[in-house]
Amino acid sequence: MGMRDTYAHAIQTAKGKFHGNAEERDGKLHFKGTVASEAEKNEIWTAIKTIPTWQKDVVADIQVTGGSAPKATAPAAAAPAAKTYTVKAGDTLGEIAKAHLGNAGAYMKIFELNKDQLKDPDKIKPGQVLRLP
């Protein structure tokens, strides 16, 4: 069974949202392309992460363009790009909050923002991509 078969759910989830390709190369599945929103990007990532070995199987470069939801506001008024942090071995939400928000006690803000992938603020895993406030 190839990588495209293993990640068929993620590829199916990406259809209609993801403008790019998912190609198998060097034993890994490479996703490269764009989506219109952070929500679409997160939906694809959630589907990818249903496979326990995703960290060693997938290389992904998914950029958010904001293109398919036209707004009446000028581009300068658009919301800034969402900040993210990729968890490293030994990290805690408190340490991430201190480094990025200036206050370790703000860790619950990060937890609340990432409840779609976190069930317990004390259980984060290397490789998780967390949204930051």
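Where is the place of His 19 in this structure? The model we are looking at is a predicted one, and in this model His 19 has its place in strand 1. At 55% relative accessibility, His 19 counts as exposed, because the cut-off for that word is over 50%. If we leave aside residues up to four places away in sequence, His 19 touches Gly 33 and Thr 34. His 19 and Lys 32 are 13 residues apart in sequence, while in space their C-alpha atoms are 8.4 Å apart.

Let me move from this residue to the sheet. It is an open sheet of 3 strands, whose order is 1-2-3 and whose pairing is mixed. Strand 1 and strand 3 stand at the edges, and each has a single partner strand, so one side of each is left without a neighbour in the sheet. On average, and with direction ignored, neighbouring strands of this sheet are turned by 5 degrees against each other. Strand 2 and strand 3 pair in the parallel sense, over 7 bridges, and in strand 3 it is Ile 62 that stands opposite Gly 33.

Now to the helix that goes with these strands. Helix 3 lies across strand 2 and strand 3, and runs at about 165 degrees to strand 3. Which residues of helix 3 are buried? In this helix, residues 38-48, the buried ones are Glu 40, Lys 41, Asn 42, Ile 44, Trp 45, Ala 47 and Ile 48. It may help to recall that an α-helix has 3.6 residues a turn, so residues three or four places apart point the same way. What covers the buried residues of helix 3 includes helix 2 and strand 2, and also helix 4, strand 3 and strand 5.

That brings me to the nonpolar cores. The largest nonpolar core has 18 residues, and those with the most contacts inside it are Tyr 7, Phe 18, Leu 29, Phe 31, Ile 44, Ile 48 and Ile 62. Helix 2, strand 2, helix 3 and strand 3 are the elements that give two or more residues to this core, and helix 3 gives the most, with 4 residues. Apart from this core lies another, of 12 residues, among them Tyr 85, Phe 111, Leu 130 and Leu 132.

Phe 31 deserves a closer look. Leaving aside its neighbours within four places in sequence, Phe 31 is in contact with residues including Ala 10, Ile 11, Phe 18, Ile 48, Val 58 and Ile 62.

Last, the aromatic rings. How many aromatic pairs does the count come to? The count comes to 2 aromatic pairs. In one of them, the rings of Phe 18 and Phe 31 have their centres 5.9 Å apart and their planes at 70 degrees, so the pair is edge-to-face. Phe 18 lies in the loop between helix 2 and strand 1, whereas Phe 31 lies in strand 2, so this pair ties together parts that are 13 residues apart in sequence. Phe 18 counts as buried at 12% relative accessibility, and Phe 31 counts as buried at 2%. Trp 45 and Trp 54 also form an aromatic pair that is edge-to-face, with 5.5 Å from centre to centre and 75 degrees between the planes. Trp 45, at 16% relative accessibility, counts as buried, and Trp 54 is buried too, with a relative accessible area of 11%.

Conventions. Residues are numbered from 1 along each chain as its sequence is written. This is a predicted model: local features need pLDDT of at least 70, side-chain atom pairs count only at pLDDT 80 or more; totals for chains, interfaces and linings use all residues. Side-chain values use heavy atoms; hydrogens and water are left out. Rings of Phe, Tyr and Trp (its six-membered ring) pair if their centres lie within 6.5 Å; planes under 30 degrees apart count as stacked, over 60 as edge-to-face and the rest as tilted. Buried means under 20% relative accessible area, exposed over 50%, partly exposed in between (1.4 Å probe, protein chains only). Contact means heavy atoms within 4.5 Å. A nonpolar core is a set of buried Ala, Val, Leu, Ile, Met, Phe, Trp, Tyr and Cys residues joined through side-chain atoms within 4.5 Å. Two strands pair if DSSP finds at least two bridges between them. Axes are lines fitted to C-alpha atoms, for helices over the stretch in contact, and angles run from 0 to 180 degrees between N-to-C directions.
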